[in-house]
Structures are given as C-alpha cells and as structure tokens.
Amino acid sequence: MRRPTLAAKIITHAFLATFTIMTLFPVVLVLKKSLSAGQDFAVTLSPLPDHPTLAHYRAVVGHPLFLRQLFNSGVAAAGTTIVGVFLACTAAYAFSRFRFPGHRAGMMVFLAVQMFPATLLMIPLYVLLDRLGLLDNILGLILVYSTTAIPFCVWMLKGYFDTIPKELEEAARIDGASRFGIFFRIVLPLGRPAIAVTALFSFMTAWNEFIMASTFTSKERSYTLPVMLQHYVGEFTTEWGSFAAGAIIVSLPVMALFYALQKNLVAGLTAGGVKG
Amino acid sequence: MRRREIGSALVTFGGGALLCAVLALGLFVRARNLTATEQMERGAAQLARDLATRAVTGDATRALAELAQRPGLIAAFILADAETASTKYNFLKRRRYLAHSDPALKNKPLESPEASQGRASSSKEIYDLVSAASLKGAPAVRVTAAEPGRRAQLLAVAPMAGRRAAALVLHPGSEPVPLPGLFWLLLVLGAGVAAAAGQLLPRARHVVAGLLVLGFAAWAYGALLKPLGPTGTTLGAPILAAAAGVAVLFAILGALGIGERFFAGLREHRYALAYVSPAMIGIAVLVLIPFVVGVSLAFFEHRHGSYSFVGLGNFKEILSGGGHALSDPLNFYFTFGVTMLWTAVNVFLHVTIGLALAMVLKQQWLQLRGLYRVLLIIPWAVPSYITALIWKGMFHQQYGAVNHVLGFFGLQPVSWFSSFTTAMTANVVTNTWLGFPFMMVICLGALQSIPGDIYEAAEVDGASRTQQFLRLTLPLLRPALFPAIINGCIWTFNQFNIIYLVSRGEPGGKTNILITEAYRWAFERGERYGLAAAYAVIIFVILLGYSWAANRVAKGTEGAYG
C-alpha cells in the first residue's frame, strides 16, 4: 500500500468535507427549522436556530393521536420485516440452489413486478383490500408492503446465497443433515449479513411509505406517521415548523438502524466473501 | 401408463371446465339480475331526483322522513367536505352524510363502516356514483353485483344544485337468481366429452379443449346475453374476448406440452416448491391479481363510474400522440423523451458520484472514514417524499435556500419552475441528492471485497493508477454494480415522488415523466383510468424490454473479463 503524502490527505479531506457539508445542508436546515419558533420557511445561512424552542416537537408529540400513529407505523414496519424476510429467505434459497420448472420464469416475475409502477396498482389494490375488509387496517398495509419488499429482497438474497459455496452444504448432507437442517443451520447463519440488509430494507420500505398508506387509510386513528406528516404540508399554507419536527421524528428510527447495521449493510451488499 | 394419460387429460380438461364454470356462473347471475332490476333502476333514479329537488327547496327533512317509511329504502344526502377533501387523491375525497334517514348517521363520514351496516354498498361504490352524478349533472344509477353474503343492490344518486352535494337512494335489490341444475349437468357432460375426445385424438386434445372453451362462451353469449339487448352486448363483448384469449392460451400451452410437464415437475421438484410457494402465493394474491386487473383496465374506457370496452383504443390514442404536436407535453413521445433524459442523467450522476466517493472512502489510511460514511448515507435514510418537500421549499424563488446561496455568491435569484431547464435541474438535483448514497454503499462494499494484493501485484508489474482503475477496479465492480445500475434505472424511470412533489410538471406539464403523466390522467384529468392503465402497461413493456436487453448485455460481456 502506497503511503499518502500530507497534501494528498488534505485534499482528500477538503473534498470530503465540502461534499459532506453540501449533503448535510438540507438536513441541517430542517433540524434548524424544527427548533426555531414560527411556521414559515424563512432562510438564513446560519446553522443555528433563531429563537430556539422545542414547541414544534411538543406540538407534534402532544397530538392526541401521535402515539396511536407511531404504533401503526411501528407494527406495519415490523410486520413487513418479519413477513418479507421470511418469505424472501425461503424463496431466494430455492432460486439459488434448485433448478426447477419455472425457475427462470419465477425470477423474471419477481423482477417484472418491480417494474410495474406501484402507483398504478393502487386502484386495483384498493378494491381488493376493500373486499377483504382490510382497509383502515395495519394487516392490510403489512400485506401490501410485503409485496413491494419481497421481489427486491429475493433478488438480493439470491445473489448472496449464490456466493455461499455449495461444498459446505454437500459436506453437511454427507454428515447426515436434512434439507431443512441445511437451510436453517448453514445457509441462514452464513447469510446473516445479507439478511440484515434485507430486513433493514423491508423496514425502511414500510416505515417510509406514504402514498399507499394515505390511500388505504381514511381515519386519523389508522394513519401512519408519514400520512400524519403530509397533513402539515397543505396546498396553500405549510406549517414548516411542525413539518420539520415531524420529519425528524419519522427519520430518526431509520437513521438509528443505519448506525446499528452499518457494518452488515456494506458486508451484505458485497457479493464477495466466503469468509462466513 | 394408460391411467396416467387419463389422469393428465382430466387435469387439463378439469382446468378448462372450471374456467367455463366460473365464467358462466358470473355471466348468468349477472345477466338475470340485470333484467330484474332494470325496472327498479328507473324508479330509484326518479326517487333520487325527487329527493334532490326537495332538498334544494328546503323540504329535505320531511322527504327523508317519508322515505324512511318505505321498507328497505335508505336515503341520504352526501356532502363533499372541503376541509377534509384530499386535493391529491380525488377519488378519496372525504364525504359526509349531510342528513340520513337514520338520524344516527348524520355528519358521519361516508367511509365509516357504521354507515353501511352491511346493507349499503361499499363507500367506494357510493363515492364513484356521487362523482359521476356531480360530473354529468344528472342522476346516476348503478346495480352492484351480488356476492356471497351480499345481495345485489341498487344505488341511485342525484346531484343537488351547486354540485357539491348529492342525494342518495339505496334500494335493497333482489335476491340473486340460483343456477339451474341443468347447467351443471351440461358442464360435466362437456368435460366428459372433451376428455373422451382427447383420448381419441391425443395430439389434438388441447386444441379441442381450447375450442370447447371458446364454443361454450359463444353459446353463453348467444343464449343468455343477446336477448338482453344493449346491456347484454356491452357485457358480452369483453367476456367473449377474455374467453377467446383463454382458449388460445389453452391451445398453445397444450400443443407445447407445458401442462403435462408442469404436473410431472410438481412431483419432481416438491422441495424447491415448498420453499418458493409461500412467497409466490403472496406475490400472486397481492401483485398479480391487481396487476391483471390493472392490465385489463387498459382495454376499457372509464366515464363517470361506468366502464366500456374499447379494445386497443387507449393504446392507439397514446401511441399516435393523441392529436397533439410533438412539442406538446401531452404528446406521448415528448414525455417519453423527457423520461429517458431524466433517467440517463440521474443514473449517470448517481453512479459517478457514488463511485468517486467510494474510491476515496475505501482508503485504509483515511481518518474519520466511518463518520464520513455515516453522514453521507443520511440522504438515503430520509424518506423520499420528505426529501422532495424539503427541496421544494429550498427551490422557492423568494424564501428558498438555494436562491439565498446564489445571492451569497452575488448571483441573481432564479425562478426555478418557470423554464424547462431550471425545473428539470431542480428535479435532478433533488433526485441526485436522494440517490447517490445507494450507489456509494454498493461500490464501497464491492471495493472492500477486492483483495489489496491484486493492486500490489499490478503495481509491481508497473500498472499506472488509471490502468489499475480501468483494468482492475471497474471489471471487479461489475458483478455488484451492474444489477444496481439496472435496478437504479428502473427506480428512476418510475420515480414518482420527486417529479410530482418538486416541479409538479411545471412549466406547463413539460417536466412530467411517464409515471406522473399516467397518474394525472387517472386522478387529475377526469378519472381516465383506462388511459392511465394503458400508460402503465406501456411503461411496463418498455422496462421489461430494457431489463431483458440489459441482462443480455451483462451476460454477453461477462466472459470478456473472465
């Protein structure tokens, strides 16, 4: 490995610092707005809030239905993660290891459904959930979100399972492990990094989704947080203060997850390692 | 051997017979109920109009009270509530009962299940009817289909003056007509005859099956629907078309021997299927069914709550440019060009920025690597609609941060959404901010999995940095980067939130991409669901062709790098 010169180090840091500041600018702006008094989006370049106050946070959290909506968002996201990851793991393993009729077609279906614009599945989905009595229901949201998450998860996990050497499984089979034993004792533990990313992705899909949620819920009690948040940004007047505070509350759990899973995130997206 | 053949023939024809049964059942019940209720329709429309007239003249309470006396009839006034109306999703406007023959429901929203109490139809149906009535300014009447546990119902809605409210009459409708036993007998006989024919003509049996399905549908059309007059004809055409499709499908599948191989394969690959089936069933129910419904919609024209079959009419309208000049944003090819530009620019920027940052961040000697990485990932963590709304605010001409920064450097403020170039720039900046972290993480992960000694070896061999990048790094990144780019293109092509929330298509619809254009046809330009669905199908076909080609290219060039 080449030893970098001091100048190279300084240039690299200057480049990264500039880019990071540019990237963080909108986020800092929102953070600042959430802590400043007033609802307007008047902008100054200073990163410090003018007239600092926690009033916006108090207003958003103090809303009588906030806890209920937080619960809805949490259950929808957690449910999607569990359902999506379980289904995607089994399907991805089969696609990676077995050759069966419909193997290629199945993979293509998973790829193809990703391409059909979800926005335009809304009308038929609405009718379907209505018939099943799942409108205004978290279960309905979990089902809808899972189907958005599964195709991506399957593709991603299949790619990772492909990199786990078959020899490991063959050895296990010689040692007398059953097919399901191999799946649970060897493939799943080895696939942990990819599964973590998949779970994170499913969680984010559900937590960040808003068009479907606002379509399939009509009562404030069954809103998720993004739908609640959207209501602060009206057609003509926008409560930027409340919106900023709400945006930060909604984004926090996802960002916390990023910190917790950062290592796995990178490792999981790596199509390399046989290291285990 | 013989038994297996009989079995497979039965399986093939069982499928055909089942399809016939489902088709005929719906057809028959629907047709009979229609005739029975055609008379009531007129009566109910009259009632609704009366009610609306009396409501306008201030006689509403008495009109309601009188109607409440008549058993089975429900009457109500519906009001579109401006405060809770959703401006974005027209079809989800909150509506309330201004008055109801059941006083408890006064001021209750239309959506609440209490409002229906199992008697009334679903709020979506009522809503469609209210929209239809207020659009055309005349009573709209509709018969809902009978279902298990729910009777066919008659809904009539008349608009009131001002068109913000409507009067609704619900008629209990009549019981569904049961199927005659003869029908089942015919069906079983038909399946038997088909199976026997299949045994005699083994190679032709699938064609026979296809023809039988077609023949049955044609017979049902002639015998059951034609006598009904215009209603029967509009109902029959799409059903006949669907049956013809099924018939052709059967013939093709059968001729190729796919049916038999399919069932043999089921036994052989039961382990694989055990793993795949849960995900497949989930996908089938929640993606494929709406998908099929969505695709079918493309062949219909939706006007005021009722659908009529137009064949390929929607596609013709779109692909011929719909009579708009090529420079008109309503022209399909204009929007398509914008979409391609949008996708190419964004994905190029995502990959370039992501790769550049990853190349810098992979250096082992760099301090604070983790911190940079965590900070640069933040845009990915922020939900895209929040991103869009923040940037929309930042591009505001007067208060926006972007113009403030420009002013700081002594530049004139820009009115971002009044020209195509600046509006598109605003969209692209927003989407680039949103999208580069994903590519960065992908590149970073792939780069870290490349063992360092390869570079050491290359250096010993005298390879320059550029050579190392072009000959080592890029080829080794391919397996991770290629799928990411293919997916990135698809996501960007369908990036709804940014375009819809940031530029809103301004100026004059020029910055719309195909997906927002489709959405606007569905929800902002007169509920043309059929046309919107046709747009969706076209988008789908484009992306399917693209990813097929991209995968071919990926496969074809794989060998070049060993």
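A residue is called partly exposed when its relative accessible area falls between the cut-offs for buried, under 20%, and exposed, over 50%. With that in hand, let us look around this predicted model.

**Figure 1. A nonpolar surface patch includes Val293(B)**. Four residues make this patch: Ile281(B), Val285(B), Ile289(B) and Val293(B). Together they give a nonpolar area of about 320 Å². Look for Val293(B) in helix α9 of chain B, which covers residues 270-297. Is Val293(B) buried, exposed or something in between? Its relative accessible area is 40%, so Val293(B) is partly exposed.

**Figure 2. Asn512(B) sits in a loop of chain B**. The loop runs between α18 (496-503) and α19 (514-523). Being in a loop does not tell you how covered a residue is, so check the number: Asn512(B) has 2% relative accessibility and therefore counts as buried. Which side chain does the side chain of Asn512(B) meet in a polar contact? The partner is Arg520(B), at 3.2 Å. Leaving aside residues up to four places away in sequence, Asn512(B) also touches several others, among them Thr335(B), Val338(B) and Ile499(B). Gly505(B), Glu517(B) and Arg525(B) are on that list of neighbours too.

**Figure 3. Asp136(A) has a positive phi**. The angle is about 60 degrees, although Asp136(A) is not a glycine. Where in chain A should you look for Asp136(A)? You will find this residue in the loop between α5 (122-131) and α6 (138-163). Asp136(A) has a relative accessible area of 23%, so this residue is partly exposed.

**Figure 4. Two cysteines of chain B are buried: Cys443(B)** **and Cys489(B)**. Cys443(B) has a relative accessibility of 1%, under the 20% cut-off, so Cys443(B) counts as buried. For Cys489(B) the value is 14%, which means that this cysteine is buried as well. How many disulfides are there over all chains? The count is 0.

**Figure 5. Chain B holds 20 helices and 7 strands**. Step back from the close-ups for a moment to see the setting. Chain B has 562 residues, and 48% of them count as buried. The chain exposes about 26,300 Å², with carbon and sulfur atoms supplying 66% of that area. Now consider contacts in chain B between residues at least 6 apart in sequence: 62% of these join residues at least 24 apart.

Technical notes. Residues numbered from 1 in each chain as written. Chains lettered and ligands numbered in written order. Predicted model: local features only at pLDDT ≥ 70, side-chain atom pairs only at ≥ 80, totals over all residues. Heavy atoms only, no water. Helix = DSSP H or I, 4+ residues; strand = E, 2+ residues; numbered from the N terminus. Buried < 20%, exposed > 50% of the residue type's maximum accessible area, 1.4 Å probe, protein only. Disulfide = S-S within 2.5 Å. Contact = heavy atoms within 4.5 Å. Areas by Shrake-Rupley, 256 points an atom, 1.4 Å probe, with all protein chains shown as cover. Patch = residues over 30% accessible without salt bridge, like charges linked within 9 Å, V, L, I, M, F, W, Y side chains within 5 Å. Salt bridge = Lys/Arg side-chain N within 4 Å of Asp/Glu carboxyl O. Polar contact = N/O pair within 3.5 Å; in protein donor to acceptor, adjacent residues only side chain to side chain.
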